[in-house]
Amino acid sequence: MSSTVSVPATATTAQERPHVIPTGFQHPLDPLTADEIAAITFTVRHYITSKSELDSIKAVKFITTYLLPPPKNAVLAYLGIPLAPETAPEPPVQIVRKAEVDFLDVVNGFSYNVILSLQSEGKWVVDTFDKLPDGVQPQISVEELIQCEKIVKADQNVQDLAKAVGVLPEQIYCDGWSIGYDDRFPQARRIQQALLFARFSEHDNLYAHPMDFVVVIDANTEEVLQIDFPPHYKSTANGPVLSVPKTEIPPLSSAEESFKISNRERIPPPKKPFDFLPDLMAKTEEEKMQFKPREDIKPLHILQPEGVSFSMNGNELEWQNWKMHIAFSHREGIVLSTITYNDHGEIRPIIYRLSLAEMVVPYGAPEYPHPRKFAFDSGEYGMGTMANELSLGCDCVGQIHYLPGAYVSHSGAAIVIKNVICIHEEDNGVLWKHTDYRPGGRTQTTRRRRLVVSMVCTLANYEYIWNYLFYQDGSIEIEARLTGILQVYAQQQGEPNPFGTTVAPGVNAHYHQHMFSFRIDPMVDGIKNNVVEQDIIPIGGEKSATGEDFNFAGNAFTTTETVLEKEGGREYDFAKERRWRITNSARKHYASGKDVGYSISMKGGITPIMARSDSWALRRAGFTQYPIWVVKDVEGPKGGRMWPAGKYVPQTRAQPEDSVGSWVAGELPVKDEDLLVFLTVGTTHIPRPEDWPVMPVEHLNIAIKPQSFFDKNPSMDVPGTKDGKSVSAFSGDACESCH
């Protein structure tokens, strides 16, 4: 990450955006700049020192500082986007730029939320200053995760335990994790668990050397609170048996007593290196697998001699009839807003806001303390704060445009990631093609190009690659790619492994799931939308027989459709090929007669959650119970319904009131309403040895496609393909070019 830099905002003039009230920002949804973050935190500090009733706040640790989005209708009026088909945009209203701050009172252990607004003279002022309820914790910061390792390494008990298995103090490393669920500790304490590893040389892959105990720390007091020793399995004639009688976590105790309770021997970390850096692999690979980079890969370059086909105006992008706003979010990573499509001169709104709203990674080993491992990587840490600074020619290839992102440090200064969002174009095979096979018939081939908006985030051992893909036929795709290194634990020689895979000697990779919640705030031809559930039904069902009058050949099937009328979550039905689409009943397709809409396809990503419905994980991650949730959007002073697992996620022990499970209990109407759609997709990871030491990319996607939205295929005007740079691979090949 770079040092703090200024990303200046540019004032919009009335000439640039006619019919809008002049403002001090370029776009109302632009994220806070580094200068704004510094000014906001300075204002908060000044406010605290100026109020005698806040004298008890002696040390402030800033956790989040971000834009509080303006009301939806105000933004759409500012941009000139109508609220309904064939209507004029609403008249513009004054938009006040606002920010929201979460900070910790380090001395007293309290958390605070502050709302500020930018005044016309360019000064930020405090609107509200609220102490959060006891036990409510804002997200865990990058600095706290780094400090966790320092706290653990400095602890004498930890050093002694490491020394007992051959690890020196300077070789101790750990990943700080949220505590998950552990009711031995009061929620008012700011708790992390530390998963320990050894690193035996500089840049050595530390995950190859897992250690056999887990440390719990307090991030505010910077002390070690507990050291847990997980029990282990032994082989018996009746299968694996745990070294303790039950999986329940024992009471708090000394490290010595904790080890005694585990009823097993100490396990030294495996010493064998499994590196991923080429120079280290050349030194450490065994003789029979001597590392040597492949030499049979020829260069493959992506060239655009006339430049890219997209244009940027600040954070606003236009490409192939698409227009959208792209922003960095400390929590969601990439946020795409006000997505519209130019349909032969008519600007048609499709999505108001699209982003990753939450994710959780529950692990499947039942023995303590492993059930604590179910990280909410977005809500507990922030996907944006974990984002990589991307490198040209590595993470993104071709002609690239980058956007920066900024988030707050503990001190109140901004941390800037210069190249955090990557934007580029890709060839993606054939868009459409047809050949008239008759003698003398002609053929037409049109290649598919797509726009990619992407980010790469490192969450300790794992990497997530987020791709938002836009196509020339009006389709959108959300793609999540998973790579990085498996989360592993120490394993005794010959120990059975009922809840994981032994990926290398002494290295146990536990079974786990990755569950993602994407939030769609739709505006399909306006903000009043419906969700239609469609099932595909064979005619006659199981009781009918081929040869009957109404289905003589036995081949018939049809569809049934239901418009969802109230808030709720919906199950996926594989037998009925269930699918959903978002529609607008105020406009119909000229031929099909159907309401205009966009379909949602996520069959390949629908994954049932394996944890029990009353488990620790499901108490906190209720959003994983259904693949789709539909709720009414309810805007308040602090925005709309955003976070399916709640706004403040760390150390929760039950479903918060501001979560999707609580929202749907109200059963508000969602027919012809301003609604929200939360999509849950995931993957169950049963690790393979081939996932070690670094996992090849696994991906899942959601397709969002027009259905009765356009009159016909909107990509018929994309020029046919005739690439003059394409040549035969070998000199003897006889190839004919496109005509």
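In the predicted model, P538 has F557 of β27 as its bridge partner. This contact belongs to an antiparallel pairing of β26 with strand β27 (residues 557-563), which extends over 7 bridges. Strand β26 also pairs with strand β29 (residues 579-588), again in the antiparallel sense, over 5 bridges; here V532 stands opposite R581 of β29. Strand β26 itself spans residues 530-538 and is largely enclosed by the rest of the structure, because 7 of its 9 residues are buried.

According to the unreviewed UniProt entry, residues 300-716 carry the annotation "domain: Copper amine oxidase catalytic". Strand accounts for 48% of the chain over residues 300-716 and helix for 3%. The C-alpha atoms at the two ends of this segment lie 30 Å apart.

A search of the whole structure for disulfides returned 1. The bond is formed between C396 and C422, with an S to S distance of 2.2 Å. It links distant parts of the chain, the two cysteines being 26 residues apart. C396 is located in the loop between α7 (377-381) and β17 (401-408), whereas C422 belongs to strand β18 (residues 414-435). Both C396 and C422 are buried.

C457 takes part in no disulfide, and the nearest cysteine sulfur, that of C396, is 12 Å away. C457 is counted as buried because its relative accessibility is 0%. For C148, the closest cysteine sulfur is that of C174, at 4.4 Å. This separation is too far for a bond, because a disulfide requires the two sulfur atoms to lie within 2.5 Å. C148 is likewise buried, with a relative accessible area of 0%.

The largest pocket holds about 1500 Å³ of space. Its lining comprises 44 residues, and those nearest the centre of the pocket are I302, E425, E426, D427 and R449. Two or more lining residues come from each of the elements β18, β19 (443-459), β20 (462-471) and β21 (476-484). Of the elements that line the largest pocket, β19 gives the most, with 8 residues. By class, the lining of the largest pocket consists of 15 nonpolar, 14 polar and 15 charged residues. Strand β18 thus appears in two of the features described, as it contributes to the lining of the largest pocket and contains the disulfide-bonded C422.

Note on methods. Residues numbered from 1 in each chain as written. Predicted model: local features only at pLDDT ≥ 70, side-chain atom pairs only at ≥ 80, totals over all residues. Heavy atoms only, no water. UniProt positions renumbered as here; feature names shortened; annotations may be inferred. Helix = DSSP H or I, 4+ residues; strand = E, 2+ residues; numbered from the N terminus. Buried < 20%, exposed > 50% of the residue type's maximum accessible area, 1.4 Å probe, protein only. 1 Å grid on protein atoms, 1.4 Å probe; cavity = no way out; pocket = protein on both sides within 12 Å on 5 of 7 lines; lining within 4 Å. Points joined across faces, edges and corners; volume = space filled by probe spheres on them. Nonpolar A, V, L, I, M, F, W, Y, C, P; charged D, E, K, R; others polar. Pairing = 2+ DSSP bridges.
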